[in-house]
Amino acid sequence: MDPFLGWIESSALASWVRGETIGTEFVFPVIVTLHTIGMGFLAGGSAAIDLRILGVAPSIPLKPMRRFLPVLWLAFAVNAVSGFLLLSAYPTKALTNPVFYIKVCLIALAVWLVYRVTAVVLRAPDVDQKPVDAKAKVLAAASLASWVALITAGRLLAYTHKWEMLGIPSLT
Amino acid sequence: MEMAAWEAFIRSTALHVFVRTYEPWLWPLCETLHYLGLSLLLGTVGLFDLRILGFAKSIPPEAIHRLIPWGIGGYVVNILTGILFFVGHPDQYFYNDAFRFKVAFMALAGINVLVFYSAAFREVHALPAGADAPLRAKVITGISLGSWVAVLICGRLLTFFRPPFFH
């Protein structure tokens, strides 16, 4: 095992997240659950905005959709914190799995697309005065696709870490 | 624990055999679809509920309500994948307190949908942009948001409350 990952894995924080002390068994389920709630609001809320841009429910004015962004960014904050805690609990399991790196790239892409959709589409001063243009639709479609890929990668983490146990070479 | 007749019946069905035969790839696939479905449900119904609760009031409720069919689509995906999970491992769900709470919150959410459409939808549907929703509608949508999140919580906790046996 990598000494740095081993040091993280043996830290008190990691042990607390794993619920190894009597009375802290709830910690891991709570963090995993928060991570899923955050995913639902962030991916789902962003997807709803994307669907509107792609032509679903066209009577929704786009400009006020910005008002939902604090909810999305709060969900992202919850998932960033819970994600780092989960990573600290099982760093070797995550960091030796190629799918984890794919997931990290997809997080960067999906979150960047939330920012771009906001900046380019929702914040355009004449957004509700003209039809949605092709660039906006490309951004929305890319955002939707990135959420599907990100959720898929995240879910597959629970299965693919076994590759290492099966003797399939890992990255570190 | 002895296997009950209903469980023996489920295990005798072709669907059970199908799930168990293809479990190595079918289970991760259905879990992924289940997560996509819940995101779609929470994203669309959640934004509608938040509008009624006072977010983004310049969106007319009637307009944002048009996202709801996509939430229903997500719900249907989750019912179908949920049936596959249950039929594949009936004991792991039936004898699981988290699953029982999940079904209870699904029933609450379902009854609340009926209450919303019979007692609040008409007045909410007529609200123009900028209008605040009446308190009754806010209470119902608050229950909606809370019960769907509770369904998610119980679902995510299922794995930590599995019964201590396998049939």
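**Exercise 1.** Which residues make the nonpolar surface patch of about 1000 Å²?

*Solution.* The model is predicted.

Step 1. List the residues. The patch is made by B:L15, B:F18, B:Y22, B:W25, B:L29, B:L33, B:I72, B:V76, B:V77, B:I79, B:L80 and B:I83.

Step 2. Assign them to elements. In chain B, α2 (14-21), α3 (23-53) and α5 (68-88) each give two or more residues to this patch.

Step 3. Find the main contributor. With six residues, α5(B) gives the largest share of the nonpolar patch.

**Exercise 2.** Is B:L33 buried, partly exposed or exposed? State also which helix holds B:L33.

*Solution.* Step 1. Locate the residue. B:L33 belongs to helix α3 of chain B.

Step 2. Take its relative accessible area, which is 34%.

Step 3. Compare this value with the cut-offs. Buried means under 20% and exposed means over 50%, with partly exposed in between. B:L33 is therefore partly exposed, at 34%.

Step 4. Relate this to the patch. Patch residues need over 30% relative accessible area, and B:L33 is one of the residues that make the nonpolar patch.

**Exercise 3.** Describe the interface between chain A and chain B, starting with its area and ending with its polar links.

*Solution.* Step 1. Count the residues. On chain A, 31 residues are in contact with 32 residues of chain B.

Step 2. Give the area. About 2900 Å² is buried between the two chains, and carbon and sulfur atoms give 82% of that area. A:F41, A:F68 and A:R155 supply 21% of what chain A buries against chain B, more than any other three residues.

Step 3. Look for charged pairs. There is one salt bridge between chain A and chain B. The side chains of A:R155 and B:E31 form a salt bridge, at 2.5 Å from N to O.

Step 4. Count polar contacts. Two residue pairs are in polar contact between the chains, both at pLDDT 80 or more.

Step 5. Identify the elements. On the side of chain A that touches chain B, α3 (27-53) and α7 (134-160) each supply at least two residues. The largest share of that side, 14 residues, comes from α3(A).

**Exercise 4.** How many helices and how many strands does chain A have? Add its dimensions and the share of buried residues.

*Solution.* Step 1. Chain A has eight helices and zero strands.

Step 2. The C-alpha atoms of chain A fill a box of roughly 60 × 35 × 20 Å along the principal axes.

Step 3. Of the 172 residues in chain A, 50% are buried.

Step 4. Among contacts in chain A with a separation of 6 or more, 79% join residues 24 or more positions apart.

Methods:
Residues are numbered from 1 along each chain as its sequence is written. Chains are lettered from A and ligands numbered from 1 in the order in which they are written. This is a predicted model: local features need pLDDT of at least 70, side-chain atom pairs count only at pLDDT 80 or more; totals for chains, interfaces and linings use all residues. Side-chain values use heavy atoms; hydrogens and water are left out. Patches are made of residues with over 30% relative accessible area and no salt bridge: like charges are joined within 9 Å, nonpolar side chains (Val, Leu, Ile, Met, Phe, Trp, Tyr) within 5 Å. Accessible areas come from the Shrake-Rupley method with a 1.4 Å probe; for residues, only the protein chains shown count as cover. A salt bridge is a side-chain nitrogen of Lys or Arg within 4 Å of a carboxyl oxygen of Asp or Glu. Helices (H or I, at least four residues) and strands (E, at least two) are DSSP runs, numbered from the N terminus. Buried means under 20% relative accessible area, exposed over 50%, partly exposed in between (1.4 Å probe, protein chains only). Contact means heavy atoms within 4.5 Å. Buried area is the accessible area (1.4 Å probe) that two parts lose on being put together, summed over both. A polar contact is a pair of N or O atoms within 3.5 Å; within protein, one must be able to donate a hydrogen and the other to accept it, and residues adjacent in sequence count only if both atoms are side-chain atoms.
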